[in-house]
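Visitor: I'd like to know how the labels on a model like this one get decided. Could you walk me through it?

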Amino acid sequence: MDNELLERGLIYSVGTNDGKVFERIVYKGTRNIMGKNIMCFETENKESVSINPSYFSYTVEDGGSFPMPEDFTNKQGDS
């Protein structure tokens, strides 16, 4: 039985209980660190974001599919 709250490979906006919001990050799964499952994400710049579930407040699924390169281009034109 799969007990994961989030689905791997999908894009989410994630909020933590201190008010920080990580927008459009890809859920990669969980990893066990010192006996605690830590939620692992990746940004559009391939940076890792790890969130302790104790500080996790909410997620909003964004689009329901893995992002394509064109998803990360500046849609308002080059600055």
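Guide: Let's start with the largest nonpolar core: ten residues, namely Leu6, Leu10, Tyr12, Val14, Ile25, Tyr27, Met39, Phe41, Val49 and Ile51. Strands β1, β2, β3 and β4 each supply at least two residues of this core. Bear in mind that this is a predicted model, where local features need pLDDT of at least 70 and side-chain atom pairs count only at pLDDT 80 or more, while totals for chains, interfaces and linings use all residues. Residues are numbered from 1 along each chain as its sequence is written, and side-chain values use heavy atoms, with hydrogens and water left out.

Visitor: What makes a set of residues a nonpolar core?

Guide: The members must be buried Ala, Val, Leu, Ile, Met, Phe, Trp, Tyr or Cys residues, joined through side-chain atoms within 4.5 Å. Val14 is one of the ten. Leaving out residues up to four places away in sequence, Val14 touches Lys20, Val21, Phe22, Ile25, Phe41, Ile51, Phe56, Tyr58 and Thr59, where contact means heavy atoms within 4.5 Å.

Visitor: Why is serine 13 called buried or exposed?

Guide: Its relative accessible area is 16%. Buried means under 20%, exposed over 50%, and partly exposed in between, with a 1.4 Å probe and protein chains only, so serine 13 counts as buried. Serine 13 sits in strand β1, residues 11-16 (strands are DSSP runs of E, at least two residues; helices are runs of H or I, at least four; both are numbered from the N terminus). Beyond its neighbours within four places in sequence, serine 13 contacts Phe22, Glu23, Arg24, Tyr58, Thr59 and Val60.

Visitor: And what is the label for serine 57?

Guide: That one comes out at 41%, so serine 57 is partly exposed. Serine 57 belongs to strand β5, residues 56-61. Its C-alpha atom is 5.4 Å from that of glycine 15, although the two are 42 residues apart along the chain. With neighbours within four places set aside, serine 57 contacts Gly15, Thr16 and Asn17.

Visitor: How do you know that β2 and β3 pair?

Guide: Pairing takes at least two bridges found by DSSP between two strands. Strand β2 (residues 21-33) and β3 have seven, in the antiparallel sense, so they pass. One bridge matches tyrosine 27 with phenylalanine 41 in β3. The two strands form a hairpin with two residues between them, and methionine 34 in the turn has a positive phi of about 50°.

Visitor: What joins β3 to β4?

Guide: Four bridges do, with strand β4 (residues 48-51) running antiparallel to β3. Glutamate 42 has serine 48 in β4 as its bridge partner. This hairpin has five residues between its strands, and lysine 46 in the turn has a positive phi of about 65°.

Visitor: Why is β3 described as largely enclosed?

Guide: Five of the seven residues in β3 (residues 36-42) are buried, so the rest of the structure largely encloses it.

Visitor: What makes lysine 20 lie over the face of phenylalanine 22?

Guide: A charge sits over a ring if NZ of Lys or CZ of Arg is within 6 Å of the ring centre and within 35 degrees of the ring normal. Lysine 20 is at 5.2 Å from the ring centre and is assigned to the face of phenylalanine 22.

Visitor: How many helices and strands does the protein have?

Guide: Zero helices and five strands, giving the pattern β-β-β-β-β along the sequence. Buried residues make up 28% of its 79 residues.
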